[in-house]
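Okay, everyone, let's get going. Have a look at the screen, and I'll talk you through a couple of spots.

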Amino acid sequence: QVQLVESGGGLVQAGGSLRLSCAVSGSVFSINAMGWYRQAPGKQRELVADITSGGSTNYADSVKGRFTISRDNGKNTVYLQMNSLKPEDTAVYYCNAEMAVTMYGYAMDYWGKGTLVTVSS
């Protein structure tokens, strides 16, 4: 069974840094885009950043210049380096990946269970 396993969340003071990791657990045929989303209390889930298999990146305006997304295709892992964190970055961060499990299967969206990031002021 294919899963996305996140790690790296926690409590940090404003101005600090955290690095999130998300690894694909299980065998997959291909991985297309991977990304990070977040959901703050009372708000809708929103895209933070995503990255294609070729390395092209896209960021939400609110995190540009502070967050960096990267991936290691050999390890089937995506990372989110978060610097200069602000209290408004507090949210549950979810990993997302579009993956095909077999050669003949369609690529589908997979989600991790989420990791909590809390930024104190």
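So, which strand does Glu 6 lie in? Glu 6 lies in strand β1, residues 3-7; strands here are DSSP runs of E, at least two residues, numbered from the N terminus. Quick housekeeping: this is a predicted model, where local features need pLDDT of at least 70, side-chain atom pairs count only at pLDDT 80 or more, and totals for chains, interfaces and linings use all residues. Residues are numbered from 1 along each chain as its sequence is written, and side-chain values use heavy atoms, with hydrogens and water left out.

Back to Glu 6. Glu 6 is buried, meaning under 20% relative accessible area (exposed is over 50%, partly exposed in between, 1.4 Å probe, protein chains only). Glu 6 has no salt bridge, which would be a side-chain nitrogen of Lys or Arg within 4 Å of a carboxyl oxygen of Asp or Glu. Arg 45, the nearest side chain of opposite charge, is 7.8 Å away; Lys and Arg count as positive, Asp and Glu as negative, and His and the chain ends are not counted.

What does the Glu 6 side chain have beside a polar atom, then? The backbone nitrogen of Gly 114, at 2.6 Å, and also that of Lys 113, at 3.1 Å.

On β1, Leu 4 and Glu 6 make up the covered face, while Gln 3, Val 5 and Ser 7 are on the uncovered one. In a regular strand, side chains alternate between the two faces of the sheet.

Notes:
Helices (H or I, at least four residues) and strands (E, at least two) are DSSP runs, numbered from the N terminus. A polar contact is a pair of N or O atoms within 3.5 Å; within protein, one must be able to donate a hydrogen and the other to accept it, and residues adjacent in sequence count only if both atoms are side-chain atoms.
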